Amino acid sequence: MPLRIIFMGTPEFSVPTLVALAEAGHEIVAVYTQPPRPGGRRGLDLQKSPVHQAAELLGVPVLTPPNFKDAADRETFRKFNADVAVVVAYGLLLPEEILSGTRHGCYNGHASLLPRWRGAAPIQRAIMAGDHETGMMVMKMDKGLDTGPVALTKAVAIGETMTAGELHDKLMQVGAALMKEAMAKLEAGDLPLTPQPEEGAAYAAKISKAETRIDFTKPASEVHNHIRGLSPFPGAWFELTIGGKLERIKVLNSEKTKGTGAPGTVLDEALTIACGDGAVRPTRLQKAGGKPLEVAEFLRGTPVAAGTRIA
């Protein structure tokens with residue numbers, strides 16, 4: 001028998017899993033997602049989440065409680081009489097009554113190789129740390145933060161130039177297929193669970209604005225990983241004086257290269273910038289309010305002389 005599933009997710013990352021489960025023939029009895037947020041060009045219009053929009057296209061009821069502190073919201077969840085809840089980047093910590101509110105509990109699609117990178121920003125943190133591999137895991141949720149037993153795992157290599165955006169797009173497809181497989185096994189009564197080891201646990205804290213500025217005193221490898229780990233959002237940045245005005249420049253892609261000099265010094269006309277050890281060359285940049293540009297196009301409009309110090 002197909003499963004009765006409550007799906008819980010919010011961003012674009014979650015949508016392929018919702019669609020895959022629906023296409024597999026499971027009954028999606030309800031979708032929970034974050035409430036509409038201010039958006040639009042002036043930030044005045046309420047924008048439904050990507051999962052909210054996808055659920056409406058599927059004709060599935062959508063619920064958007066701000067949390068589950070209200071007993072009525074917890075009771076509504078229970079009354080769906082679901083077999084299982086599937087959670088992918090929902091954005092809320094779930095209380096005990098929700099975790100145990102379906103026949104089989106809650107299963108989470110998490111974008112790391114647990115126990116490494118538990119928490120909110122596993123994709124960015126893996127790249128920023130210079131990891132060569134990450135993956136998707138389906139785990140049964142418990143009261144801890146991404147600490148539950150693991151059902152299925154699929155590893156994914158992280159290329160030397162791969163950005164967080166590229167890895168995000170890869171993992172959301174891998175995660176959809178993995179959750180579809182997990183639910184098929186659960187339906188068949190053949191979904192084993194393995195406790196996570198504590199050795200190797202690491203916390204993937206949410207990215208803060210304070211850490212987005214590029215620190216060129218660090219080795220080139222760390223600067224390069226920092227840039228690609230924050231690309232395309234929120235974006236790593238430096239400041240450059242253009243026409244007498246200090247402007248913020250996002251770096252969306254870069255490459256490691258040879259070069260020596262005081263950290264933050266532009267070494268040539270191609271915008272190679274000295275780091276604490278070695279150098280990096282931004283290959284794709286974006287001025288505040290502008291569109292992303294390849295470095296050659298950026299330099300045609302904004303020449304940067306060798307010897308310039310980057311703030």
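## The open sheet

An open sheet of 7 strands runs through this predicted model in the order S5-S2-S1-S6-S7-S9-S10, and its pairing is mixed. Strand S5 (62-63) and strand S10 (150-157) are the edge strands, each of which pairs on one side only. Strands of a sheet pair through backbone hydrogen bonds, either parallel or antiparallel.

At the S5 edge, strand S2 (residues 27-32) pairs with S5 in the parallel sense over 2 bridges. Valine 31 has valine 62 of S5 as its bridge partner. S2 also pairs with S1, again in the parallel sense and over 5 bridges. Methionine 8 has tyrosine 32 of S2 as its bridge partner. Strand S1 (residues 4-9) is mostly covered, with 5 of its 6 residues buried.

## The protein as a whole

The protein contains 8 helices and 16 strands. Its C-alpha atoms fill a box of roughly 70 × 45 × 30 Å along the principal axes. Of its 311 residues, 48% are buried. Among contacts with a separation of 6 or more, 64% are between residues 24 or more positions apart.

The exposed area of the protein is about 15,200 Å², and 52% of it is supplied by carbon and sulfur atoms. Its charged side chains comprise 35 positive and 34 negative ones, and the centres of the two sets lie 5 Å apart.

## Helix H1 and its cover

Helix H1 spans residues 15-23, and its buried residues are Val15, Pro16, Thr17, Leu18, Ala20 and Leu21. The elements that cover these buried residues include the strands S1 and S2, helix H2 (50-58), strand S6 (84-88) and helix H6 (164-187). After H1 comes glycine 25, which has a positive phi near 100 degrees.

## Aromatic pairs

The protein has 5 aromatic pairs. In one of them, tyrosine 32 and phenylalanine 68 have ring centres 5.7 Å apart and ring planes at 40 degrees. Planes under 30 degrees apart count as stacked and those over 60 as edge-to-face, so this pair is classed as tilted. The pair links distant parts of the chain, since tyrosine 32 belongs to strand S2 while phenylalanine 68 lies in the loop between S5 and helix H3 (71-79), 36 residues apart.

Tyrosine 32 and phenylalanine 68 are both buried. They also belong to one aromatic cluster, formed by Tyr32, Phe68, Phe77 and Phe80. Tyrosine 32 thus appears both in this cluster and as the bridge partner of methionine 8.

## Methionine 136 in strand S9

Methionine 136 is found in strand S9 (residues 133-140). Its relative accessible area is 3%. Buried means under 20%, so methionine 136 is buried.

Neighbours within four places in sequence aside, the contacts of methionine 136 are Phe13, Gly109, His110, Ala111, Ser112, Leu152, Thr153, Lys154, Leu171, Val174, Gly175 and Leu178. Threonine 241 provides a reference point elsewhere in the chain: methionine 136 and threonine 241 are 105 residues apart in sequence, and their C-alpha atoms are 42 Å apart in space.

## Cis peptide bonds

Leucine 114 and proline 115 are joined by a cis peptide bond with omega of about 15 degrees. Proline 115 is located in the loop between strand S7 (106-110) and strand S8 (118-119).

A cis peptide bond also leads from phenylalanine 233 to proline 234, where omega is near 5 degrees. Proline 234 is located in the loop between helix H7 (220-229) and strand S12 (236-242).

## Positive phi outside glycine

Tryptophan 117 is a residue other than glycine with a positive phi, near 65 degrees. Its place is in the loop between S7 and S8. Its relative accessibility is 11%, so tryptophan 117 counts as buried.

Leucine 271 is not a glycine either, yet its phi is positive, at about 70 degrees. This residue lies in the loop between strand S13 (245-257) and strand S14 (273-274). With a relative accessibility of 1%, leucine 271 counts as buried.

Technical notes
Residues are numbered from 1 along each chain as its sequence is written. This is a predicted model: local features need pLDDT of at least 70, side-chain atom pairs count only at pLDDT 80 or more; totals for chains, interfaces and linings use all residues. Side-chain values use heavy atoms; hydrogens and water are left out. Two strands pair if DSSP finds at least two bridges between them. Helices (H or I, at least four residues) and strands (E, at least two) are DSSP runs, numbered from the N terminus. Buried means under 20% relative accessible area, exposed over 50%, partly exposed in between (1.4 Å probe, protein chains only). Contact means heavy atoms within 4.5 Å. Accessible areas come from the Shrake-Rupley method with a 1.4 Å probe; for residues, only the protein chains shown count as cover. Lys and Arg count as positive and Asp and Glu as negative; His and the chain ends are not counted. The place of a charge is taken as NZ of Lys, CZ of Arg, CG of Asp or CD of Glu. Rings of Phe, Tyr and Trp (its six-membered ring) pair if their centres lie within 6.5 Å; planes under 30 degrees apart count as stacked, over 60 as edge-to-face and the rest as tilted.
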